Amino acid sequence: MSWLNSWIAAEPLYRQAEIQFAQKHQLSRALYARVSEMPAHSESSAGIPAQISILIKDLKLPEARDPETRLRVLTILGMLEVNYDSGMARETWTQVENLALRRHHYLLASRAVGEQGIAAFLLGDMATAKKDVVKAWIVAKTADPAAHIRYASMYGTGLVELHKYKEALGPLNEAINVAKDTPGAAYPTIAITAKIGALSGLGKGQEALTLAGEEMERVGRYHLVEHLADVYQIRAGVYEAMGNWDQAVSDYRQSAQYAKKVSHWRGLTQVDGLLAKAYLHQGALESALAAINEAIEANERIPDELYFVPKNLAIKADIMAKRGNIKSSNQLYEKSADMLDALLSKVPTPTVERQLLSDLSEVYSEYFTSLSNQGRTAAAFHVIERARGRVEAQALTHHEVIAPHDPNLMEQRLTKLNFALLNTDEPTARGHILDAIYQVEQQLTPNSAEVDTAPEPVDLRQLQRDLRPSELFVEYVLDSPQSYALAVTHQTVHRYTLPSKDILGQQVMRYRSEILQQKNDQALAQQLFNALLGGIQEFKDKQTLIVVPDGKLHLLPFSALENGGHYILTSHLVTVVPSGTVLDILRHRTNQMVRDDLPYLGVAAWTTNSSSPSTLLTSIRRAVSGPDRKELVALPESQHEVETIASDLPKPNTVLLGSRATETNFKSLPLSHYKVVHLALHGYVDPVFSDRSALIFAPEPGLTDDSLLQVREIRKLHFNANLVTLSACNTSVGQIGEEGAANIVNAFIEAGSQSVVSTFWELEDHATTHLMTVFYEHLGRHEEKAEALRQAQLEMLNSGSPPYYWAAFVLNGEPNGSLFSAPDSNLSSRSIQ
């Protein structure tokens, strides 16, 4: 039964087995049976986090040493973690895969691969998700019907999430049909739920309603009341999409009744919140208030589950505002934000903190909207800054420089494992190594920034004092049905209304896709400008644009937007910061910067390749899909790039090339004394664990370092650099959420760098060298950082290059200031060819 995912049916038998094994003192088998009861209760008041905690403790019991019992505990743990922390789940399913292979449970190992793919999807790693899920799906089609149902369902659900509704119907129908033909198989709720959504998304509302009706009849026959509650909730969403709000309200109410019937408090908490919002749309304020009060009361039955609390308090705040009780509304919004702050203060890692901020960001955005509608702009700014750049500001405020020290045992172990991973391409071996890396990581002492509270957001007036007369600071708040831009200058503050986040997100991704294909879509570039900047009056009078992005805007090169047939690069400096608070911190630590030490450090590790030239890519790009040593091809122009830059800047300089450009040599330098650090290296972005993202240095004969300068290590370094340039690929791309991006750039800023030049996509080696040398030539002429980068980009633009070649580069952090106190008369004035 459990193998067919019919956990509810299996639970009573496992409970009997646990009792009998315990009576016979067969403790390992009793543990096996006990943990197997958990999936049937995963939505009970015990809560998934509590169950995960129990299972982690179970793994330490002597009874868990039995391989089969340990495998079962890990399997259940992975199932629960998928609904809690996908990064944790991915690692656990890797352990399941490895142990299952050793025990010759090949179908379970295949399932583990698929579950890793599902976790990858939830983490935004679409490429890995498709590869792993399809791989498991192919195996399941021939030998594992239950897995066949699950992976076809999940693959189809993923396509629905990507709005590929037509394509989704194939795998969803396949899952439903296999379940129908497999005796004892679990009910295909995921597939049917997703199909209802797919049909609704295709505009086939009536078909979606028909399927929902059939689903209700089916689950009714089996008296699955909780499932009925879910289906009514889903159908209500279809009615909402069709504009039939009366029927939507009716279905939400029916769903709530079923949820109450089975004491499904989590379901009631969620559906009553949706019901309250539907009532709000109808203007039925009293009914909305009654529904949201019931949602809040239901949540009190499961006090350990606080996920919906901030959201529901925000809904109630909106209701109170519409009833004219602004004081009560503000109090509820503040309580909601405080509750979310409390949740954030208890998260174990910055990754989980970012995820929670992303999931519940509407609490801050709706509070922002309410306050700004009241004309309380300063208060609205304060609220949104509680979320924006929170992780970065927290790390900056509590940053501690870690003095050079001999690596401890755990650090030595991690170095050896990373080194082994770089030099191993056999999948099973890499799986074992990744499992070991995860275990070691859990024993490392966390950075203090991971446990300290976030600093107080910068005051709006203070931010205005920070700004130059020529600067326009724009903080975006993406929401539905409207988004907003808060435009701040040294004298004025205005809020502007923009299109919804869905519309803006679709346009951004379409434009980015056009650029990556080396196309020039002027109409779309103008459309995005009109939406994001066209209505902001201050834009016309300012020369520097400082952007705080939100959501998909983190992936948009603003400099490539068009205004009247001209890229805004031609008229404005464009830079990015995580938040106003981070900008304030950076500008007020400028006085602490070293001014008269070592001018320049340049590093180029991959200047040659041991393979024959015929094996290299024709058009070499600075990227790596690993970390995998065999994919680290040469960057033949990086040496010329680093040396040419050295000739443009004052002396003395330090240059590490080829085999000398090791991680050990780099970290042994007095890094806090360099004003400019230029790293022409391969870059690796880990889509799951941002702390593993790294710059890749030259390999070393010994094992002093692993060649990977990871985010966790960068944070512990001490820089006073005015500028760090990451001449590597995708260094400004990380895990994207409403609250920001987790990436290598932020780590350098947290370590003390004033500004970081990074990239949005993979770079062509020759074009990169050309742009970088022109950039530094302008810097050597005493131009400010943002202007120097702009001039280099303008040269490429004026030469006819499409945005693909110049728009990838962005300056993050403090845009102002020249690198040196006075121009150097010995600087070259040559023209780069």
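**View 1. An open sheet of three strands in the predicted model**. In this predicted model, three strands come together as an open sheet whose order is 11-12-13, and their pairing is antiparallel. Strand 11, covering residues 682-684, and strand 13, covering residues 708-710, stand at the edges with a single partner strand each, so one side of each is left without a neighbour in the sheet. Direction ignored, neighbouring strands of this sheet are turned against each other by 25 degrees on average.

**View 2. The pairing of strand 12 with strand 13**. Strand 12, made of residues 694-696, runs in the antiparallel sense to strand 13, and three bridges link the pair. Within this pairing, Ala694 stands opposite Gln710, a residue of strand 13.

**View 3. Arg715 and its contact with Glu750**. Arg715 belongs to helix 30, which spans residues 711-716. With a relative accessibility of 10%, Arg715 counts as buried, because buried means under 20% relative accessible area. The side chain of Arg715 is joined to the side chain of Glu750 by a polar contact of 2.9 Å.

**View 4. A nonpolar surface patch that includes Val139**. Trp3, Leu107 and Val139 together make a nonpolar patch of about 230 Å² on the surface. Of these residues, Val139 lies in helix 7, which covers residues 126-143. The relative accessible area of Val139 is 33%, so this residue is described as partly exposed, and that value also satisfies the requirement of over 30% relative accessible area for residues that make up patches.

Definitions and conventions. Residues are numbered from 1 along each chain as its sequence is written. This is a predicted model: local features need pLDDT of at least 70, side-chain atom pairs count only at pLDDT 80 or more; totals for chains, interfaces and linings use all residues. Side-chain values use heavy atoms; hydrogens and water are left out. Patches are made of residues with over 30% relative accessible area and no salt bridge: like charges are joined within 9 Å, nonpolar side chains (Val, Leu, Ile, Met, Phe, Trp, Tyr) within 5 Å. Accessible areas come from the Shrake-Rupley method with a 1.4 Å probe; for residues, only the protein chains shown count as cover. A salt bridge is a side-chain nitrogen of Lys or Arg within 4 Å of a carboxyl oxygen of Asp or Glu. Helices (H or I, at least four residues) and strands (E, at least two) are DSSP runs, numbered from the N terminus. Buried means under 20% relative accessible area, exposed over 50%, partly exposed in between (1.4 Å probe, protein chains only). Two strands pair if DSSP finds at least two bridges between them. Axes are lines fitted to C-alpha atoms, for helices over the stretch in contact, and angles run from 0 to 180 degrees between N-to-C directions. A polar contact is a pair of N or O atoms within 3.5 Å; within protein, one must be able to donate a hydrogen and the other to accept it, and residues adjacent in sequence count only if both atoms are side-chain atoms.
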